[in-house]
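Grab a viewer and let's work through some exercises together. Try each task yourself before reading the solution under it.

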Amino acid sequence: MECVPEAELRDRSAHLQKLLVSEDIDAALVTQNADLFYFAGIVNRAYLYIPAKGEPVLFFARGAGRVRAETKLRQVVELEQLKDLPAALRKMGYVLPERLGMESDVLPAALYFRYQSIFAPAQLVDASPLIRKIRMIKSNWELEKIRASALMGREVFSFVENTIREGMTEFELCGQIECFARKSGHPGMMRARGFNQEMQYLLVVSGADAVLPGFNSGPLGGRGATAAYPSGPSNRRIGGHEPVLIDQSPWFEGYMADMTRVFAGGDLPAHMLHGYDTALDIQRMLKKNACPGSVCSELWTAARQIVRTNGLCEHFMGMMRQVGFVGHGVGLEVDEWPVIGPNSDRVLAEGMVIAIEPKFVFPDGPIGLENTFVVGSGGLEPLIEMDDEIRYFR
């Protein structure tokens, strides 16, 4: 695996430092895995201290050889206990912060109070909006990783076309896809930032069971294996003339794409085909109109107008429980900014990567698609070329 280049890390920290200065925050302490990888190029039990002015320093608790081999940061210090962090900073000549930024959106309360005690009398403030804002814009280096992950996703769907058959269970199909993906280098997990967003990187659901709402923020659930994990595939057997929806997050060296296709073992009913045509209309509209300067809430309104015109409001992005988005950022995490939804006033800019997923859920099953795009000067540009057709099998 290629290390994150020093120039990438340097630019990212410099960008955050500018925002820290603008918000009158003296330093940020980064501890969450995805953010650590973004700013330090590692995932470890570590604490990355980024002062508003000066050189960042990475403190780590274990694995010296691996940490020093994988990060391109210049200042890397072994630290046995968290409580020793302020003393270590003083020893290195840093003035302790009066306002310390932390990832309050993901930091557990118990850890928050512990950091508060360790850095007292410093005030802890939320730096997560600054971090997420920086991460919205992908560098060319990041875009190449996401393109590679999307290529893996296309290969997965090709594998499904040659594997899926009527009568196999959702579990069986899911297992075979996972085996193929793991052989292709997928780590078998994905990262999501939201609280309790325990999402599989591969969702396989079919027919009426797919209508059951899940516990996460997506439009589809599935019966799942048990009440302890009521989402995703089950032992349900795939029937003919019903949709099998496969939603996957392929992965390459930390970066994800997000992709969905529908498979069917025979002709689908007219209302589903109408829903699919409407999903294609929404994607076409967003590809054209999601340009730099576009406001996310206005794009959502335009998508909803297409849904309304086609008489599908009750089925858009869920049925028993509808979700308020039709697109979301993706990269190191599957739920990044920006979000194309009714409450998002974010303005699109070149380099943002967005998964567009217009989906419709009917009592007899789901329909829809998802592709990952980068915002270009003239609209959304696909990160990999792939046809959007329903895939029929016999």
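Below are a few ground rules, then four exercises with solutions.

This is a predicted model, in which local features need pLDDT of at least 70, side-chain atom pairs count only at pLDDT 80 or more, and totals for chains, interfaces and linings use all residues. Residues are numbered from 1 along each chain as its sequence is written, and side-chain values use heavy atoms, with hydrogens and water left out.

**Exercise 1: the open sheet**

Task: work out the strand order of the open sheet of six strands, and find which strands stand at the edges.

Solution. Start with the vocabulary: helices (H or I, at least four residues) and strands (E, at least two) are DSSP runs, numbered from the N terminus. Two strands pair if DSSP finds at least two bridges between them.

- Step 1. Reading across, the order is β4-β3-β2-β1-β5-β6, and the pairing is mixed.
- Step 2. β4 (76–78) and β6 (123–126) each have a single partner strand, so one side of each has no neighbour in the sheet.
- Step 3. From one strand to the next, the twist averages 25 degrees. For angles, axes are lines fitted to C-alpha atoms (for helices over the stretch in contact), and values run from 0 to 180 degrees between N-to-C directions.
- Step 4. Zoom in on β5 (residues 99–102), which runs parallel to β6 and is joined to it by four bridges. R99 has Q123 as its bridge partner in β6.
- Step 5. Now add helix α1 (residues 6–22), which packs on the sheet and touches β1 (27–30) and β2 (46–51). Contact here means heavy atoms within 4.5 Å. The directions of α1 and β2 make an angle of about 60 degrees.

**Exercise 2: the cores**

Task: find the residues with the most contacts inside the largest nonpolar core.

Solution. A nonpolar core is a set of buried Ala, Val, Leu, Ile, Met, Phe, Trp, Tyr and Cys residues joined through side-chain atoms within 4.5 Å. Buried means under 20% relative accessible area, exposed over 50%, and partly exposed in between (1.4 Å probe, protein chains only).

- Step 1. The largest core has 65 residues, and L16, L48, L58, I164, L173 and I246 have the most contacts inside it.
- Step 2. Helix α7 (residues 140–161) gives this core its largest share, eight residues.
- Step 3. Click on L48: leaving aside neighbours within four places in sequence, its contacts include A28, V30, F39, P56 and L73.
- Step 4. Another core, of 45 residues, lies apart from the largest one; L245, V307, L312 and W337 are among its members.

**Exercise 3: a covered strand**

Task: is β7 largely enclosed or left open?

Solution.

- Step 1. Five of the five residues of β7 are buried, so the strand is largely enclosed by the rest of the structure.
- Step 2. Check each face: L202, V204 and S206 are buried on one side, L203 and V205 on the other.
- Step 3. Look for the partner: β7 (202–206) pairs with β8 in the antiparallel sense over five bridges. L202 sits opposite Q248 in β8.

**Exercise 4: backbone oddities**

Task: where are the cis peptide bonds before P121 and P338, and where is the positive phi of D24?

Solution. Most residues other than glycine have a negative phi, and most peptide bonds are trans.

- Step 1. The A120 to P121 bond is cis, with omega near 10 degrees; P121 is in the loop between α5 (109–118) and β6.
- Step 2. The W337 to P338 bond is cis, with omega near 0 degrees; P338 lies in strand β13 (residues 336–340).
- Step 3. D24 has phi near 55 degrees and belongs to the loop between α1 and β1. D24 counts as exposed, at 54% relative accessibility.
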